[in-house]
Amino acid sequence: MSSVDLNLIRRYNVNGPRYTSYPTALQFSDFNQAQYEEAIEDSDRSDRPLSLYFHIPFCSKLCYYCACSKIVTRDKEKGVRYLEFLKREIDLQARYFIGRSVSQLHWGGGTPTFLDDDQIFDLMDTIRNRFDLVSDAGGEYGIEIDPRTVDARRVGQLRQAGFNRLSLGIQDFEPEVQKAVNRVQSYESTKEVIDAARAADFRSVSVDLIYGLPHQTLATIANTLRQVIELSPDRISIYNYAHLPDRFTPQQRINVVDLPSADQKLLILKACIEMLTDAGYVYIGMDHFAKPTDELAIAQVAGTLHRNFQGYSTFADCDMVAMGITSISQVGNCYSQNTKSMEAYEQALSRDELPIERGILIDEDDLIRKAVIMALICQFELQYADIENRYGIVFTEYFSEELARLRAMESDQLLIIDDEAIRVNPVGRLLIRNICMAFDRHLNPTLQAQSYSKAI
């Protein structure tokens with residue numbers, strides 16, 4: 001990426017969706033259990049596997065940068081109560097999917113390792129008793145951990161509980177940066193966890209970093225990346241820090257004068273891409289890197305890579321059933337999101353009702369646009385014939401206005417448009433969100449600026 005034109009990147013660095021779904025969650029409106037049930041009945045997907053997601057919202061400490069849905073507490077009894085209701089939701093959801101196998105499972109947060117070992121084993125047993133999980137060799141079973149709450153012994157326990165993939169946050173190893181965001185985490189403790197994961201035969205280790213944090217410089221991020229490369233994780237995500245203190249109250253504790261400028265952030269991102277690609281990692285897209293031997297890189301080459309609320313995935317054919325507060329399911333042609341309120345979550349489940357609050361039914365046009373956006377964001381190439389054969393349209397006629405909008409990007413050499421395909425050039429991969437936005441019929445310019453982060 002040494003040839004990246006920073007002036008070009010600056011010009012395209014506007015706010016826009018990350019396209020973990022299409023339509024995006026901003027389009028969700030009132031939705032209920034009856035609509036969800038109807039979508040399941042209409043989907044006719046009984047032969048397809050499931051992906052399960054469980055949201056564990058608790059954190060013992062507050063990280064100032066965090067924009068996730070979380071409950072900061074040291075009261076372990078809150079976890080006990082939450083698990084009681086989460087198990088009720090598992091019971092209710094499982095009845096819709098009898099006979100369907102589960103090939104992917106993920107616990108996210110919050111901090112799932114807020115739960116103790118007995119609670120983790122118990123919840124996994126509940127899941128196995130209600131759903132048909134495929135074998136360890138055939139399934140991906142992941143958990144997000146905070147290395148500050150896990151030692152080598154606990155890593156071994158997580159493997160015994162049935163997890164075979166580990167995801168952990170690092171963000172930055174620079175002490176001054178860590179102090180500014182209230183997340184002090186040593187290289188040594190992180191290395192202990194990753195070494196323990198390999199010793200326990202975890203199949204994959206992923207780490208998260210953030211660029212644009214207070215006190216970050218080219219020198220400090222280079223030091224962090226050298227240490228991360230030495231740890232040799234299978235996947236690395238480097239997220240753009242979006243400073244939105246009006247929306248995310250914890251960010252008000254970050255001093256805006258300590259943040260790198262927009263130009264500094266671009267230089268930091270450029271350095272990250274260069275260092276990781278020089279170290280042999282493949283740029284998957286949208287802040288994600290993987291070793292060439294990782295399933296994500298292999299799936300991208302094979303054209304089977306997928307994207308959902310968990311990020312990039314190799315399980316394109318799965319319905320995703322998500323449980324816990326705020327979690328979002330994608331089943332058939334609908335998205336449904338659980339309530340964000342713990343009180344409303346408990347009240348619904350006390351009535352033996354799913355705690356669904358918002359969602360959307362996806363119409364034919366949405367399906368077509370979703371397929372286009374997923375192809376571009378996952379493969380960086382779109383063959384018109386793939387869409388035409390699937391949906392019975394003439395691509396250049398159906399998307400004549402969108403193709404016209406892309407001509408300016410073609411002039412800037414972000415992509416190539418011909419009679420058969422759209423192909424994204426290397427610099428265009430950095431701006432893939434901008435390219436996808438051309439196909440988003442729901443995008444509202446006013447809400448766009450208020451609700452989404454910068455593309456870079």
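Two strands pair if DSSP finds at least two bridges between them. By that criterion, strands β8 and β9 (residues 204-211) of this predicted model pair in the parallel sense, over 6 bridges. This briefing covers strand β8 and its partners, then helix α4, and finally the cysteines.

**Strand β8 and its neighbours**

- Strand β8 spans residues 165-171, and 7 of its 7 residues are buried, so the strand is largely enclosed by the rest of the structure.
- The residues of β8 point in two directions: R165, S167, G169 and Q171 face one way, while L166, L168 and I170 face the other way. Both sets are buried.
- Towards β9, residue R165 of β8 stands opposite S204.
- Strand β7 (residues 140-145) also runs parallel to β8, and 4 bridges join these two strands.
- Within the β7 and β8 pairing, E144 has S167 as its bridge partner.
- Together with helix α5, strands β7 and β8 form a right-handed β-α-β unit.

**Helix α4**

- Helix α4 covers residues 117-130, 14 residues in total. From its first C-alpha to its last, α4 reaches 20 Å, close to the 20 Å expected at 1.5 Å a residue.
- The N-terminal end of α4 is capped by D116, which has a side-chain oxygen 3.2 Å from the backbone nitrogen of D118.
- The buried residues of α4 are D117, Q119, I120, L123, M124, T126 and I127.
- These buried residues pack against three strands and two helices, namely β2 (50-56), β5 (101-109) and β6 (132-133), with α3 (76-94) and α5 (152-161).
- Helix α5 thus appears in two settings: it is a packing partner of the buried residues of α4, and it belongs to the β-α-β unit with β7 and β8.

**Cysteines**

- A disulfide is a covalent bond between the sulfur atoms of two cysteines. The structure holds 0 disulfides.
- Why is the sulfur of C63 not bonded to the closest cysteine sulfur? That sulfur, in C66, is 6.5 Å away, which is too far for a bond.
- For C66, the closest cysteine sulfur is in C68, at 3.8 Å, and this separation is also too far for a bond. The cut-off for a disulfide is a pair of cysteine sulfur atoms within 2.5 Å.
- C63 counts as buried because its relative accessibility is 8%.
- C66 is buried as well, with a relative accessible area of 12%.

Conventions. Residues are numbered from 1 along each chain as its sequence is written. This is a predicted model: local features need pLDDT of at least 70, side-chain atom pairs count only at pLDDT 80 or more; totals for chains, interfaces and linings use all residues. Side-chain values use heavy atoms; hydrogens and water are left out. The expected span of a helix is 1.5 Å times one less than its number of residues. Buried means under 20% relative accessible area, exposed over 50%, partly exposed in between (1.4 Å probe, protein chains only). Contact means heavy atoms within 4.5 Å. A polar contact is a pair of N or O atoms within 3.5 Å; within protein, one must be able to donate a hydrogen and the other to accept it, and residues adjacent in sequence count only if both atoms are side-chain atoms. A crossover is right-handed if, with the strands pointing away from the viewer, the path from the first strand over the helix to the second runs clockwise.
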